[in-house]
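Here are a few short exercises to work through with the model open beside you. Try each task first, then compare your steps with the solution below it.

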Amino acid sequence: AWDLRAAKASIGRGVIVDAAGAAGVDGEDGADGKSCSDNSDGQAGQPGSAGGNAIAVSLRLGVIEIGSLAINASGGRGGNGGAGGAGADYSERCEDVDAGSGGDGGAGGVGGEGGNVRVLYHRLSSQLNADNIENSIAITAEPGASGAGGSPGSGGEGGEGRYVQARTLTGSRKWVGGADSGDNGSEGRDGLRGKAGQAIIAELDAAVTAEESQFIPKPAKQSGGVSSEIKALRLELEALRRRVEALEAR
């Protein structure tokens, strides 16, 4: 989480807070099968990794002036699954070895979660109003997109049986049996989408309202040395907590 509190904030134009999650890493492709070997089948693609979660952002600002502020707290995209390897083709050079099957595609990664963004402000200039400030703040807290499943590997090509030139005890020709084509692999499944974050922009009152004050417990008696400013600050913080809880419950 990133928590910023500024008693006096002057915000220029084109200001960006980048709290987005990192994109997941794509899975590696599976290796192709090899002819005339025990590894004639294509290997499965590797799964994509999950997208990173966004960072939660909390700003409490006393705004003097504002141009534009964009906060990006979207989740990272899930990595794509790797493609399945191709199966090896049938070869007449090898007896009793079929064409290889294609490898399955890797699963796509899960998208990251969007971050919760909270911007609480109070105005320090008479030239500002709530619309000026809130229309100048853009928040994006979208869920991370799901990673796509990897494509399947194709099966190796088969072949028909036929005579080939070869020296044998019965002549110069030899019959070589054919083989069916290998099966294609399965397509990798797509990952799940992440969860969206919540965005709150709210103005803070300079004073505690009568409605809020009834929820504020009376402070215990102090032995002295506690100034009226500290007491007022405690009341303000308690009122702020109540207001934020009410906004988040909507």
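**Exercise 1.** Find where Cys36 sits in the chain, then say what stands out about its phi.

*Solution.* Begin with the location: in this predicted model, Cys36 belongs to the loop that joins strand 2 and strand 3. Next, look at the backbone: phi of Cys36 is near 55°, a positive value in a residue other than glycine. As background, most residues other than glycine have a negative phi. Finally, check the exposure. Buried residues lie under 20% relative accessible area and exposed ones over 50%, so Cys36, at 29%, counts as partly exposed.

**Exercise 2.** Which residues line the largest cavity, and how do they divide by character?

*Solution.* Start with the count, which comes to one cavity of 30 Å³ or more. The space in the largest cavity is about 30 Å³. Now collect its lining: Cys36 from the previous exercise is part of it, along with Ser35, Ser40, Ala88, Asp89, Tyr90, Ser91, Cys94, Val97 and Asp98. Sorting these residues gives five nonpolar, three polar and two charged.

**Exercise 3.** Identify the residues that make the nonpolar surface patch of about 260 Å², and place Ile55 in the chain.

*Solution.* The patch is made by Trp2, Leu4 and Ile55. Of these, Ile55 is found in the loop between strand 2 (15–18) and strand 3. For the last step, recall that a patch residue needs over 30% relative accessible area; Ile55 has 40% and is therefore partly exposed.

**Exercise 4.** Describe the largest pocket: what is its volume, and which element gives the most to its lining?

*Solution.* First, the volume is about 160 Å³. Second, list the lining: Asp3, Arg5, Ser58, Leu59, Arg60, Arg118, Leu120, Leu237, Leu240, Arg241 and Val244. Third, map these onto the fold. Two or more lining residues come from each of strand 1 (2–11), strand 3 (57–66), strand 5 (117–123) and helix 3 (228–248). Helix 3 gives the most, with four residues. Fourth, sort by character: five lining residues are nonpolar, one is polar and five are charged.

**Exercise 5.** Step back to the whole chain: how many helices and strands does it have, and in what order do the elements run?

*Solution.* Counting gives three helices and nine strands. Reading from the N terminus, the order is β-β-β-β-β-α-β-β-β-β-α-α. To finish, turn to burial: 37% of the 250 residues count as buried.

Technical notes: Residues numbered from 1 in each chain as written. Predicted model: local features only at pLDDT ≥ 70, side-chain atom pairs only at ≥ 80, totals over all residues. Heavy atoms only, no water. 1 Å grid on protein atoms, 1.4 Å probe; cavity = no way out; pocket = protein on both sides within 12 Å on 5 of 7 lines; lining within 4 Å. Points joined across faces, edges and corners; volume = space filled by probe spheres on them. Nonpolar A, V, L, I, M, F, W, Y, C, P; charged D, E, K, R; others polar. Patch = residues over 30% accessible without salt bridge, like charges linked within 9 Å, V, L, I, M, F, W, Y side chains within 5 Å. Areas by Shrake-Rupley, 256 points an atom, 1.4 Å probe, with all protein chains shown as cover. Salt bridge = Lys/Arg side-chain N within 4 Å of Asp/Glu carboxyl O. Buried < 20%, exposed > 50% of the residue type's maximum accessible area, 1.4 Å probe, protein only.
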